[in-house]
Structure formats: C-alpha cells, structure tokens
Amino acid sequence: MDQVAAHCAAELDQYAACVDQHPTSWNATCAARKAELTACAAKHSQLVNSLKEQCKPYIEQYERCLKANASSPSTCTPQLERLW
C-alpha cells in the first residue's frame, strides 16, 4: 500500500472524496475515479498486481455484492472481510 500511496495519492483522495460525496450512488458515480485509481495502482505496484491475482475470486464476489447492493454497501461486509 505504501507504493500505491506514494504514487497514487491524488487518485486515492479523489476516489475517497467521491465515495463520501455520493453515499447512495457512489458505485456508479465514482466508477471513473475507481478506474483511475486501479490503473495507477497496477502501474506502480507489483505487489498489488500479485495480490489481485491471488485474491481474484474474493474481489469479484465483493464487487458483485457492491453492484447488487449499491444503496447499502454495508451488506457486503462479509465479502470484504474475506479479503482480509
């Protein structure tokens, strides 16, 4: 995460601000910001790429849950916890 924070601080801040500003529609509204952050992280962190590959099934479950429960993302806490 240090690599991502060092290289992608602006993207991370913009995505977090978007999510905070759009609590009920953040999944759709902030999709472009999320894509920018993901691209930056992929470019600057081999560790992130490795983890994404190893955790792909869990990430996909979490993302599907978020899409299905955009207005209540806390529903997806179990899927998020599986990532940890």
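A residue is called buried here when its relative accessible area is under 20%, and exposed when that value is over 50%. The exercises below apply this wording to a predicted model.

**Exercise 1.** Determine which residues of α5 are buried and how they are arranged around the axis of the helix.

*Solution.* Begin with the helix itself: α5 has 13 residues and reaches 18 Å from its first C-alpha to its last, which is close to the 18 Å expected at 1.5 Å a residue. Next, pick out the buried residues of this helix, which are Tyr62, Cys65 and Leu66. Viewed down the axis of α5, these buried residues fall within an arc of 100°, and therefore they line one face of the helix. As a general point, an α-helix has 3.6 residues a turn, so residues three or four places apart point the same way. Then turn to the face of α5 directed away from the buried side, where the exposed residues Arg64, Lys67 and Ala68 are found. Finally, ask what the buried residues of α5 meet: they pack against α2 (26–29) and α6.

**Exercise 2.** Decide whether glutamine 79 is buried or exposed, and find which residues it is in contact with beyond its neighbours within four places in sequence.

*Solution.* First locate the residue, since glutamine 79 lies in helix α6, which covers residues 77–83. Its relative accessibility is 18%, and because the limit for a buried residue is under 20%, glutamine 79 counts as buried. When its neighbours within four places in sequence are left aside, glutamine 79 is in contact with Gln61, Tyr62 and Cys65. Of these partners, Tyr62 and Cys65 are among the buried residues of α5.

**Exercise 3.** Work out how helix α4 and helix α5 are oriented relative to each other, and which residues make their contact.

*Solution.* Start from the geometry: helix α4 (residues 46–54) and helix α5 (residues 56–68) pack at an angle of about 80°, with their axes 5 Å apart. Angles of 65 to 115 degrees count as roughly perpendicular, so α4 is roughly perpendicular to α5. The contact is formed by Lys52, Glu53 and Gln54 on the side of α4, together with Lys56, Pro57 and Ile59 on the side of α5. Sorted by class, this contact has two nonpolar, one polar and three charged residues.

**Exercise 4.** Describe the surroundings of valine 48, beginning with how accessible this residue is.

*Solution.* Valine 48 has its place in helix α4, and with 15% relative accessibility it counts as buried. Apart from neighbours within four places in sequence, valine 48 is in contact with Val4 and Ala41. As for histidine 7, which is 41 residues away from valine 48 along the chain, the C-alpha atoms of the two residues are separated by 13 Å.

How values were computed. Residues numbered from 1 in each chain as written. Predicted model: local features only at pLDDT ≥ 70, side-chain atom pairs only at ≥ 80, totals over all residues. Heavy atoms only, no water. Axes fitted to C-alpha atoms, helices over the stretch in contact; angles between N-to-C directions. Helix = DSSP H or I, 4+ residues; strand = E, 2+ residues; numbered from the N terminus. Parallel < 35°, antiparallel > 145°, perpendicular 65-115°, else oblique. Contact = heavy atoms within 4.5 Å. Nonpolar A, V, L, I, M, F, W, Y, C, P; charged D, E, K, R; others polar. Buried < 20%, exposed > 50% of the residue type's maximum accessible area, 1.4 Å probe, protein only. Expected span 1.5 Å × (residues − 1). Arc of directions from axis to C-beta.
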